[in-house]
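Welcome, and please open the model in your viewer with the sequence panel beside it. We will go from stop to stop, with something to select at each one.

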Amino acid sequence: MKITKICCIGAGYVGGPTMAVIAQKCPHIQVTVVDLNEERISAWNDENTDNIPIYEPGLDTIVAEARGRNLFFSTEVDKAIDEAQIIFISVNTPTKTYGKGKGMAADLKYIELCARQIARVAKSNKIVVEKSTLPVRTAEAIKSILDTTGNGVQFQILSNPEFLAEGTAVQDLLSPDRILIGGDTTEEGQKAIQALVDVYSNWVSPEKILTTNVWSSELSKLTANAFLAQRISSINAMSELCEKTGADVNEVARAIGMDSRIGPKFLKASVGFGGSCFQKDILNLVYIAKSYGLNEVADYWEQVIIMNDHQKRRFSNNIVQTLYNTVADKKIAFLGWAFKKDTNDTRESAAIYVADDLINEQAKIAVYDPKVSRKKMVNDLNYLETRAAEENERSIFTFENPYLSCENAHAIAILTEWDEFVNYDWQRIYDGMQKPAFVFDGRNILNKEKLEAIGFVYQAIGS
Ligand code: NAD
Ligand code: UDX
């Protein structure tokens, strides 16, 4: 089948960049990204590509090149479904906040809505691609909805999980480590797989395109995220032991990373991992394991989350303890709010939890982040429902200038590893602060000797 029209439901952090790259690399395919969120779609259509809703290095250029040529953003979901041969589902699958599986299972209501809408609208055969991260065996549910509520047309369901990381999304999409496509073993299933392989083959070499059965593909995505997060929790666990023993976690990470069986990546100790994926996907994995009665498997993976929560709490506790056991009415400057550098995404960012703890201790938080708006920060805190929204408004101060956010502060906490933080005039910052001037480096990015020479009391993670 020659593919000329693709649609993607969900114009978020995955749908937007993924489709932009497909459109750029496949000028012969018309790619339409649809979303219910009108504000988001109009931001994607903003003439000035600086205003597209997602900040990712390089994304604005790709959107500028393809948009209006063969890349379209729209709220007309039915029309896009009707016209497309391949429909990607890239909607959010957050942790359930109600009912059975609350706080653990993935909430599949948006996925089901998409399946029902596709079934209602489709009048010709379609390939439906799971791009969202889903519990293993979700394809079965999607197929059942499509086949029983559809118009008698044929549907093939593929699993094609996305492995991009935020902040490097464009690079990851242009040169992926692998593309994973799971499909039915039937002849029709294999044809559908081939159609999607042909799309990716426009820029990805064949040996990097892996095809499997649907269940392996669905489960591989949860497994990859669990393994990645586990490395961070493992090094963070060692960071606490390093602090007690005089070992330095950066040196330990380097030493073990040179073992080719371990490898050097994803061994950076930190204030704790954030982002929309790791916690959600591991909780989902734990829930799935429990639902099959695999309690040891569930407990094993749950420790990754327990360790991460501990690491975030340990960071805020240490700030309070070091500041003479009280931060009440003290100004604590936060450098960074995003969950990692080069993104404006704040979902599950460690900064939110550290701020929440410190506000409980009546601290005033003065935040500077180059890409995150005040509105987002306050919303993030409100989402925790720890206190009234007005109190969050009163406890958070935001600055467009890092030097102002640090002025008169009792301490600085580095929550995100933005490159620009390293090159600040730290002498100037020191001069403007209360003394002793403390720096709690939750990302281990600053130079200890240099800061101590200026006069700071400097504490890193794991040394
Ligand atoms: P997101 O919240 O940024 O975007 C999802 C979009 O889907 C929203 O704009 C929402 O309005 C839209 N939507 C929901 N239901 C809809 C419907 N019925 N019709 C039309 N639009 C609808 O989420 P995201 O970060 O892009 O993640 C999407 C999926 O991809 C999730 O399953 C996530 O686990 C997975 N994933 C995310 C990342 C990442 O880095 N963010 C990486 C890999 C995989
Ligand atoms: C992750 C996966 O990497 C990606 O493959 C998947 O598709 C989505 O989830 P993302 O959450 O965007 O991507 O970013 P990632 O680079 O994995 O970082 C996640 C969190 O871990 C961040 O808070 C980051 O700061 C933290 N981290 C990462 C560490 O603390 N130490 C490390 O060594 C690496």
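Begin by selecting Y324, which sits in the loop between α12 (295–322) and β9 (331–335). Check its backbone torsions: phi is positive, about 60°, although Y324 is not a glycine. Keep in mind throughout the tour that this is a predicted model.

**Two domains**

Next, colour the protein chain by its domain assignment, which gives domain 1 as 5–204 and domain 2 as 306–460. Place a centre on each, using C-alpha atoms, and you will find the centres of domain 1 and domain 2 separated by 36 Å. How many residues of domain 1 are in contact with domain 2? Select them and you should have 10 on the domain 1 side, meeting 11 residues of domain 2.

Now select residues 333–448. An unreviewed UniProt entry annotates this stretch as "domain: UDP-glucose/GDP-mannose dehydrogenase C-terminal". Show it as a cartoon: over residues 333–448 the chain is 36% helix and 16% strand. The C-alpha atoms at the two ends of that stretch are 18 Å apart.

**A cis peptide bond**

Move along to P436, in the loop between α17 (426–432) and β13 (438–441). Look at the bond that leads into P436 from K435: this peptide bond is cis, with omega near -5°.

**Ligand 1**

Centre the view on ligand 1 and show its surroundings, a shell of 25 residues. D35, R40, T93, E166 and K280 are the closest of them. What mix of residue classes makes up this shell? Coloured by class, the shell around ligand 1 shows 9 nonpolar, 9 polar and 7 charged residues.

Then turn on distances for three polar contacts:

- K280: an N or O atom of the side chain is 2.5 Å from an oxygen atom of ligand 1.
- V14: here a polar backbone atom is 2.9 Å from an oxygen atom of ligand 1.
- R347: a polar side-chain atom lies 2.9 Å from an oxygen atom of ligand 1.

Add a surface to finish this stop: ligand 1 taken alone exposes 830 Å², and the protein buries 92% of that.

**Ligand 2**

Now centre on ligand 2, which has 20 residues around it. Which of those come nearest? Label F163, L164, S270, K340 and R443 to see them. By class, the shell around ligand 2 holds 11 nonpolar, 3 polar and 6 charged residues.

Bring back the domain colours here, and you can see that domain 1 (5–204) and domain 2 (306–460) each supply at least three residues to the shell around ligand 2. For the largest share of that shell, select helix α9 (residues 214–245), which contributes 4 residues.

Three more contacts are worth drawing:

- R443: an N or O atom in the side chain is 2.6 Å from an oxygen atom of ligand 2.
- E166: a backbone N or O atom lies 2.7 Å from an oxygen atom of ligand 2.
- E162: a polar backbone atom is 3.3 Å from an oxygen atom of ligand 2.

With the surface on once more, note that ligand 2 has 660 Å² of accessible area on its own, of which the protein covers 90%.

For a last view, leave E166 selected and show both ligands. E166 is among the closest residues to ligand 1, and its backbone also makes a polar contact with ligand 2.

Technical notes
Residues are numbered from 1 along each chain as its sequence is written. Chains are lettered from A and ligands numbered from 1 in the order in which they are written. This is a predicted model: local features need pLDDT of at least 70, side-chain atom pairs count only at pLDDT 80 or more; totals for chains, interfaces and linings use all residues. Side-chain values use heavy atoms; hydrogens and water are left out. UniProt positions are given in the numbering used here, feature names are shortened, and annotations may be inferred rather than shown by experiment. A residue is near a molecule or strand if one of its heavy atoms lies within 4 Å of it. A polar contact is a pair of N or O atoms within 3.5 Å; within protein, one must be able to donate a hydrogen and the other to accept it, and residues adjacent in sequence count only if both atoms are side-chain atoms. Accessible areas come from the Shrake-Rupley method with a 1.4 Å probe; for residues, only the protein chains shown count as cover. Ala, Val, Leu, Ile, Met, Phe, Trp, Tyr, Cys and Pro count as nonpolar, Asp, Glu, Lys and Arg as charged, and the others, Gly among them, as polar. Domain bounds come from an automatic or database domain assignment. Contact means heavy atoms within 4.5 Å.
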